Amino acid sequence: NTTNLLHLLRMFSCKTSPPEDTILRSSLRSPISLPIGDHNSGCKVIDLNFHGATVHIGEISFFNNYTAYISIKFRKRSLSGFPAPPDQPRSGSVWHTLVPKTRLMPDPHCENGGQDFRIFGPNQMLADAEDVTGLRFICKQPSPHWKSFGIDEIKCYSRADLVQTPRSTKQEDPLAEISKSAASNISLPNASNISLYLQNLHSLSGITAAALQPTLTAQALGRFDEDNCYEINTLAYN
């Protein structure tokens, strides 16, 4: 629809967008809805892994699909090969908060923000996403108005590549860029020259009207008259 086309325009028009080779290879698990008895809780969990590799994440982007709130957690590689004490979980199984609960839709019951393109960078992250083995997206939608919700086209960008080709989290409007470019290429004429030209044009029109006035008043209409009389055959009767 029109909203998605605008999002694609904004994403592709960004001059600092990274090339495709900076996107980290990943795979998604099917979203899991958390029920409350026989009812839908309005909460979904989406897990993403990096095929067994550990990565450094600099940015995360996705298209919203009517998710009202989102939080992102990450799991780090185990620090050692020794088993953890019985009263402590293994470090590789602990989920840490990367992005706290963030509102994506101003009003969960209204469509605004429901299909926006979103980017989370270092400024929105609570920790450095280093040695990451997986991400978990917790999507919440308390409104019953939407048949389904979630996030689409999730992409993670390498932190090392982002240092070389920094990206801006500010979403530039392509229409504004076009307007700026057009304005910079337009050269306006001198205002005093325009004023002088208009004054000369006005004077010339006055002189022309004054010269033609006697001729116009003295000249007969000449549509149907011949020798100061009308030709009967040229008259039309209704």
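A disulfide is a pair of cysteine sulfur atoms within 2.5 Å, and this predicted model holds zero of them.

**Stop 1: the cysteines.** Select cysteine 139 together with cysteine 43, and display the sulfur atoms: the sulfur of cysteine 43 is the closest cysteine sulfur to that of cysteine 139, yet the two are 7.9 Å apart and therefore too far for a bond. Cysteine 139 is buried, with a relative accessible area of 0%, whereas cysteine 110, if you select that residue next, counts as partly exposed at 35% relative accessibility.

**Stop 2: aspartate 47 and its two arginines.** Move to strand β3, which covers residues 39-49 and contains aspartate 47, a residue that is buried with a relative accessible area of 10%. Add arginine 29, whose side chain meets that of aspartate 47 in a salt bridge (3.5 Å, N to O); arginine 29 sits in the loop between β1 (27-28) and β2 (32-36), and the pair links parts of the chain that are 18 residues apart. Now add arginine 136, which forms a salt bridge with aspartate 47 at 2.7 Å, N to O, and which belongs to strand β8 (residues 129-140), 89 residues from its partner in sequence. Both arginines count as partly exposed, arginine 29 at 46% relative accessibility and arginine 136 at 24%.

**Stop 3: a salt bridge from loop to strand.** Select arginine 77 and aspartate 131, which form a salt bridge with their closest N and O atoms 3.7 Å apart. Arginine 77 lies in the loop between β5 (69-76) and β6 (95-103) and aspartate 131 in strand β8, so the pair ties together parts that are 54 residues apart in sequence. With all three salt bridges of the structure in view, note that those sharing partners join Arg29, Asp47 and Arg136 into one network.

**Stop 4: serine 61.** Go to strand β4 (residues 55-65), where serine 61 is found, buried with a relative accessible area of 1%. The side chain of serine 61 makes a polar contact of 3.4 Å with the side chain of tyrosine 157. Beyond its neighbours within four places in sequence, serine 61 is in contact with several residues, including Phe117, Ile119, Glu153 and Lys155.

**Stop 5: confidence.** Finally, colour the model by pLDDT, for which the protein has a mean of 75, with 61% of residues reaching 70 or more. Confidence is highest in strand β7 (residues 117-120), at a mean of 94, and lowest in helix α1 (residues 2-13), at 52. Over residues 163-170 pLDDT stays under 50, although the model has 14 contacts there beyond four places in sequence.

Methods
Residues numbered from 1 in each chain as written. Predicted model: local features only at pLDDT ≥ 70, side-chain atom pairs only at ≥ 80, totals over all residues. Heavy atoms only, no water. pLDDT = per-residue confidence, 0-100. Helix = DSSP H or I, 4+ residues; strand = E, 2+ residues; numbered from the N terminus. Contact = heavy atoms within 4.5 Å. Buried < 20%, exposed > 50% of the residue type's maximum accessible area, 1.4 Å probe, protein only. Polar contact = N/O pair within 3.5 Å; in protein donor to acceptor, adjacent residues only side chain to side chain. Salt bridge = Lys/Arg side-chain N within 4 Å of Asp/Glu carboxyl O.
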